[in-house]
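Open the model in your viewer and keep the selection tool at hand. The tour goes stop by stop.

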Amino acid sequence: MGACLGVCSLLSCASCLCGSAPCLLCACCPSARNSTVSRLLFTFFLFLGTLVSIIMIIPGVEKELYKLPGFCEGSGSLLGVQSHVNCDSFLGHKAVYRMGFALAAFFFLFAVLMLFVRSSKDPRAAVQNGFWFFKFLALIGITVGAFYIPDGSFTSVWFYFGVVGSFLFILIQLILLIDFAHSWSQVWLRNADESNAKGWYAALCVVTFIFYATSIAAVVLLYVYYTKADGCTENKTLISLNLIFCVIVSVVSILPKIQDAQPHSGLLQASLITLYTMFITWSALANVPNRACNPTLLVRNSNSNSTSVAAGQLTTWWDAPSIVGLVIFILCTLFISIRSSDNAQVNKLMLTEESTADAGHGDAALESGPHRAYDNEQDGVSYNYTFFHLCLVLASLYIMMTLTNWYRPDESFQTMTSPWTAVWVKISSSWAGLLLYLWTLVAPLVLPDRDFS
């Protein structure tokens with residue numbers, strides 16, 4: 001009997017991985033919506049590619065590979081056999097670009113394939129929500145093919161693809177941040193009203209104070225480390241402008257007319273946006289190509305070639321803004337995958353309207369015995385499949401640029417330089433984000449007939 005149950009369990013897993021049947025979840029997990037499970041699995045593919053990119057770019061890995069006799073070209077022979085494998089082709093920044101291309105191509109393929117899918121009754125929805133084993137094989141195949149792309153013009157062209165995609169993903173991050181702060185403030189104010197406890201108001205004030213204090217400290221540190229009394233005019237201008245813009249949006253957020261139109265708007269959202277803007281400013285200044293005005297500028301003279309690795313001359317491979325950017329990237333990508341906004345306008349903007357038929361299917365799934373990913377999209381999809389995959393395309397480009405510190409390689413990846421292009425893209429994205437936040441504040445006044453709740 002136990003053997004029969006085991007075989008049935010394996011068959012269920014096989015149908016999940018190789019077919020379109022709903023997946024059986026582990027006993028510790030509650031029954032979940034098929035739409036949520038699918039988004040999480042696609043996000044897992046993205047994180048897996050990110051992990052592979054990180055491993056490929058770690059200098060220690062490069063050094064250890066060249067220590068293995070007969071493994072890489074130039075690393076010595078094994079039993080008289082000399083290897084002809086060029087490890088540079090699958091390590092370092094070149095590998096990150098190839099991996100970024102593979103991930104972007106994989107998700108773009110699904111974005112095109114899932115155009116105009118309206119419900120799970122569409123045959124293509126089965127491809128979206130199942131066949132995970134074959135999807136994984138497809139990703140591996142695209143990745144292997146990407147490593148055969150010759151250098152040449154691919155490097156410079158793909159760099160600008162990464163710049164544009166990263167700019168758009170930063171805006172998506174800011175939209176998610178605005179929505180998160182709005183929901184956070186709404187929940188705490190609702191708790192304060194329902195419980196008549198002043199502790200919630202005190203918590204709001206404390207958190208807001210921490211965000212603003214951290215932002216002010218960041219501004220001071222930026223002036224100290226990225227400016228000089230007799231120079232660095234560009235850095236001074238950029239820091240000052242973003243500081244002024246943050247003060248403006250903070251003041252606007254507490255104006256009486258804004259408060260009347262949006263009672264839940266306030267300094268909590270403004271403080272979080274200010275802190276994020278200071279992070280983007282810091283990240284931009286870390287790409288200024290003038291070492292006198294940028295003490296964190298990294299120098300790379302080669303792309304992990306055998307000579308430098310064998311000599312132990314390993315350069316710093318990642319700066320602090322990139323590490324913070326990676327953490328924000330992970331949080332925002334998970335946020336896209338598991339949550340729909342409480343704000344109707346954000347849902348419309350992110351194309352994540354929840355299906356009204358979801359509740360009934362959820363109750364039925366909870367009453368059933370096995371923990372399954374139940375289909376909640378028979379009457380309509382709960383998110384736009386194509387838009388979700390396009391978000392993952394942009395996320396793939398953003399993580400590619402983050403892991404390479406937005407440095408521009410030459411055609412052969414022998415040198416990596418920090419261009420002004422990266423600085424202006426990041427700064428302009430912070431300005432666009434502040435403008436977007438300002439619009440969310442004044443929109444109810446400009447368009448009073450529209451529902452912005």
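What follows is a walk through three helix pairs and one pocket.

This is a predicted model, in which local features need pLDDT of at least 70, side-chain atom pairs count only at pLDDT 80 or more, and totals for chains, interfaces and linings use all residues. Numbering starts from 1 along each chain as its sequence is written, and side-chain values use heavy atoms, with hydrogens and water left out.

**Stop 1: H2 and H16**

Select residues 34–57, helix H2, and residues 385–403, helix H16. Helices here are DSSP runs (H or I, at least four residues), numbered from the N terminus. The two pack at about 15°, with axes 11 Å apart. Axes are lines fitted to C-alpha atoms over the stretch in contact, and angles run from 0 to 180 degrees between N-to-C directions. H2 and H16 are therefore roughly parallel (angles under 35 degrees count as roughly parallel, over 145 as roughly antiparallel).

Now show the side chains in contact (heavy atoms within 4.5 Å). H2 brings residues including Arg-39, Phe-42 and Leu-46. H16 answers with Phe-388, His-389 and Leu-392, among others. The contact residues divide into nine nonpolar, five polar and one charged. Ala, Val, Leu, Ile, Met, Phe, Trp, Tyr, Cys and Pro count as nonpolar, Asp, Glu, Lys and Arg as charged, and the others, Gly among them, as polar.

**Stop 2: H4 against H16**

Keep H16 and add H4, residues 92–113. Their axes come within 8 Å and cross at roughly 175°. That makes H4 roughly antiparallel to H16. Among the H4 residues in this contact are Gly-100, Phe-107 and Phe-108. On H16, look for Val-393, Met-400 and Met-401, among others. The tally is 15 nonpolar, four polar and no charged.

**Stop 3: H9 and H17**

Select residues 233–253 (H9) and 420–446 (H17). The angle is about 10°, and the axes lie 10 Å apart. H9 is thus roughly parallel to H17. H17 contributes residues including Trp-420, Trp-424 and Trp-431. H9 offers Glu-234, Phe-245 and Cys-246, among others. This contact has 16 nonpolar, three polar and one charged.

**Stop 4: the largest pocket**

Which residues are closest to the centre of the largest pocket? Select Leu-275, Tyr-276, Phe-279, Val-324 and Ile-328, out of 23 that line it. Helices H7 (153–195), H8 (199–226), H11 (267–285) and H13 (320–338) each give two or more residues to the lining. By class, the lining has 22 nonpolar, one polar and no charged residues. The pocket volume is about 590 Å³, the space filled by probe spheres set on grid points joined across faces, edges and corners. A pocket is an open set of points on a 1 Å grid over the protein atoms alone, where a 1.4 Å probe fits, with protein on both sides within 12 Å along at least five of seven lines; lining residues have an atom within 4 Å of a point.

How values were computed: Parallel < 35°, antiparallel > 145°, perpendicular 65-115°, else oblique.
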